[in-house]
Amino acid sequence: MTELEEFITTKSQNSPQTIKNYRTQYKSIRALLDNDINKSTQPEILDAVKELSNGNVSNEWTYMNLPFMIRQHHGYNVDLIQKRRDELKKLRETHVQTQKENYQSLPMMKAVQDFTKQLYKNKEYKKYIINFLIINYGVRNKDVDVLIVGGAKDAKDNSKNYLIVKANEVEWRINEYKTLQSYGAKKITIKSKPFLEAIKTLPLNTWLLSGNETQLKESGLGTTIKRLLYNNLTETDYFKIIMNDINTKPNTTQLLEYYSGTRGTNYANLLKYYDVSKKGEIVPDDTDM
């Protein structure tokens, strides 16, 4: 049994997504080492993690956790790794304060949710659908550039994104997005009754953003979508609002894993947005510290 698999056997309480993150991180770190983590020196591990992190403190913190836990589990020395973790914690605390200041200029999640609900009440269904998708799933502009169709038989072009309207649900197929090569096609099922009602008012075989059979040029997506969002915010702003809202929730880890999947982004990258708990403290990843 490998050092990773032996370590994972002690984490049966963790979610499948967390285990997947462990495997991905281990593969990345191990590729930069000549030996297994337990057989490598701490300086070698620190250098590998630093190279992977590309100067991002939150990424370095995340990548540092796995070798820390593996070595600690097997009884190997972690003093140098712990020292660097302590340094990173202080750096992250500084970053947290900066993030707090940035967040203060953004509206709260409730404001965007209320805006979205009002769009539905006003029967502004196109705007409602776009806001619903971005604020509930944290996706990028390209993900909502979708063709509305009435069945799977009309959604066979893997270079396009689709909203497949069914009797009691909508299947959202995202074949084309920023991190497709890393995460593969995404499929999301939406069963919201207001959403289903809204999408059924729009004509089939038309593009959501253009409202006709002609797809918008990708260069124009950002400007078009910004005009439809709350206070002319961007999808990046919406995602920051989501991450800020997560800070107030008790199940932060699960929510981060959820948005890692829906957005199609590395868990470590989410830490650029997420740093503080509702108590304003650094939240350690799944470590035994």
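## Exercises: sheet, core and helix

In strand E4, Lys186 is the bridge partner of Ile174. This is a predicted model, in which local features need pLDDT of at least 70, side-chain atom pairs count only at pLDDT 80 or more, and totals for chains, interfaces and linings use all residues. Residues are numbered from 1 along each chain as its sequence is written, and side-chain values use heavy atoms, without hydrogens and water.

**Exercise 1.** Find which strands stand at the edges of the sheet.

*Solution.*
- Take the terms first. Helices (H or I, at least four residues) and strands (E, at least two) are DSSP runs, numbered from the N terminus. Two strands pair if DSSP finds at least two bridges between them.
- Read the order: E4-E3-E2-E1-E5, an open sheet of five strands with mixed pairing.
- E4 (186-190) and E5 (206-207) are the edge strands; each has a single partner strand, so one side of each lacks a neighbour in the sheet.
- Check one pair. E3 (residues 170-174) meets E4 in the antiparallel sense over five bridges.

**Exercise 2.** Identify the buried residues of H12.

*Solution.*
- Locate the helix. H12 covers residues 252-263, twelve in number.
- Apply the cut-offs: buried means under 20% relative accessible area, exposed over 50%, partly exposed in between (1.4 Å probe, protein chains only).
- The buried set is Thr252, Leu256, Glu257, Tyr259, Ser260, Thr262 and Arg263.
- Look just past the helix. Gly264 has a positive phi of about 80 degrees.

**Exercise 3.** List the contacts of Tyr238, leaving aside neighbours within four places in sequence.

*Solution.*
- Contact means heavy atoms within 4.5 Å.
- Tyr238 then touches Val112, Phe115, Asn131, Ile134, Ile135, Leu229, Tyr230 and Leu233.

Definitions and conventions. The expected span of a helix is 1.5 Å times one less than its number of residues.
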